[in-house]
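This report walks through one protein model, moving from a helix to a group of strands, then to a metal site and a few unusual backbone places. Please keep the sequence and the structure in view while reading.

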Amino acid sequence: MENNRRNFLKKSALLGLAGVAGSLIGKEKLTNLENISAALQETGKFELPKLPYAYYALEPFIDSKTMEIHHSKHHAGYVNNLNKAVETGSFSGKSIEEILRSVNANDAAVRNNAGGHYNHSLFWQLLEPNRYKMLPLPEGTLRDAITTQFNSFGEFKQLFTGKAMSVFGSGWCWLITDAQGNLKITATANQDNPLMQIVAEQGKPVLALDVWEHAYYLKHQNKRMDYISDWWNVINWQKAEELFTQK
Ligand SMILES: [Fe+2]
């Protein structure tokens, strides 16, 4: 706590004002996942990242109200509770990745809220407005890897959709690269993710799909399949390619 406050005051003094520090990192921290850690170092606290598009921008596939509540209430809640959970103790001052990799299965507050913050930060970045009224498709090396490993994009889409549908209750569906660099479709419960050592299948996330009901219930009600079908229209494949090629 003291360390965080000292860092915050030091950084604020260097940059003039805390508000300026916030605005300086606001845009930058959306560009990659490492910047979630940068946000911690800048202010001493985890922050809710701004969305790189308006709440209504994913219409008609994901509605404005859902986006607003999902971001400003659900994600904000994870950030606030994470800050409380790591205020003192062994996770204090650690980056989000360090927390995720070392969190214990029994530490529910850190596990759920660190996962919730990281997963949603990633999820927003992997969405983008559908500007061309066509199904966006993977690009570059990721497209080649998907085709090689799953035979075709169509087969991959079917497998991923099936996995997302099979999540019982709340959770996430992922495309990850495992330790050998192979693509894998996996699922995690609640706010767990593939960076955690406590999950069955670990790896580096390339795609993330939130299948909690809060992600779709207002528009799609109980029809998760309709939500997943809509989600394919707003995937930011360029970001997925970036994550796939990132060392
Ligand atoms: Fe969510």
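Of the 18 residues of helix H6, 14 are buried, so this helix is largely enclosed by the rest of the structure. Helix H6 covers residues 108-125, and the distance from its first C-alpha to its last is 26 Å, close to the 26 Å expected at 1.5 Å a residue. The model described here is a predicted one.

**The strands**

Strand E1, residues 171-177, is mostly covered, since 7 of its 7 residues are buried. In a regular strand the side chains alternate between the two faces of the sheet. In E1, Gly-171, Cys-173, Leu-175 and Thr-177 point one way, while Trp-172, Trp-174 and Ile-176 point the other way, and all are buried.

Strand E1 is joined by 7 bridges to strand E2 (residues 183-189), and the two run antiparallel; within this pairing, the bridge partner of Gly-171 is Ala-189. The hairpin of E1 and E2 has 5 residues between the strands, and there Gly-181 takes a positive phi near 85°. E1 also pairs with E3 in the antiparallel sense, over 6 bridges, and in E3 the bridge partner of Cys-173 is Leu-209.

Ile-185 is found in strand E2, and at 14% relative accessibility this residue counts as buried, because the cut-off for that word is under 20%. Ile-185 and Leu-175 are 10 residues apart in sequence, yet their C-alpha atoms are 4.6 Å apart in space. Leaving aside neighbours within four places in sequence, the contacts of Ile-185 include Phe-150, Phe-156, Leu-159 and Phe-160, as well as Trp-174.

**The iron site**

Which residues coordinate the iron ion? The donors are His-70 (NE2), His-120 (NE2), Asp-210 (OD) and His-214 (NE2), at 1.9 to 2.1 Å. The 4 donor atoms subtend angles of 91 to 132° around the iron ion, which makes the arrangement tetrahedral. Along the chain, the donors follow the spacing H-x49-H-x89-D-x3-H. His-70 lies in helix H4 (residues 64-85), and His-214 in the loop between strand E3 (204-210) and helix H9 (217-220), so the pair ties together parts that are 144 residues apart in sequence.

Is His-214 buried or exposed? At 18% relative accessibility, His-214 counts as buried, and His-70 is buried as well. The side chain of His-214 makes a polar contact of 3.4 Å with the side chain of His-74, and a polar contact of 3.4 Å also joins the side chains of His-214 and Asp-210. Leaving aside neighbours within four places in sequence, His-214 is in contact with Thr-66, His-70, His-74, Tyr-78 and His-120.

**Unusual backbone places**

Most residues other than glycine have a negative phi, and most peptide bonds are trans. The table sets out two residues other than glycine whose phi is positive.

| Residue | Phi | Loop | Relative accessibility |
|---|---|---|---|
| Lys-133 | near 55° | between H6 and helix H7 (140-150) | 75%, exposed |
| Asn-151 | near 75° | between H7 and helix H8 (153-166) | 55%, exposed |

A further departure concerns a peptide bond: the one from Glu-59 to Pro-60 is cis, with omega near 0°, and Pro-60 has its place in the loop between helix H3 (34-43) and H4.

How values were computed:
Residues numbered from 1 in each chain as written. Predicted model: local features only at pLDDT ≥ 70, side-chain atom pairs only at ≥ 80, totals over all residues. Heavy atoms only, no water. Donors = N, O, S within 2.8 Å, 3.2 Å for Na, K, Ca; no water. Tetrahedral: all angles 85-135°; square planar, octahedral: opposite > 155°, others 65-115°. Helix = DSSP H or I, 4+ residues; strand = E, 2+ residues; numbered from the N terminus. Buried < 20%, exposed > 50% of the residue type's maximum accessible area, 1.4 Å probe, protein only. Expected span 1.5 Å × (residues − 1). Pairing = 2+ DSSP bridges. Polar contact = N/O pair within 3.5 Å; in protein donor to acceptor, adjacent residues only side chain to side chain. Contact = heavy atoms within 4.5 Å.
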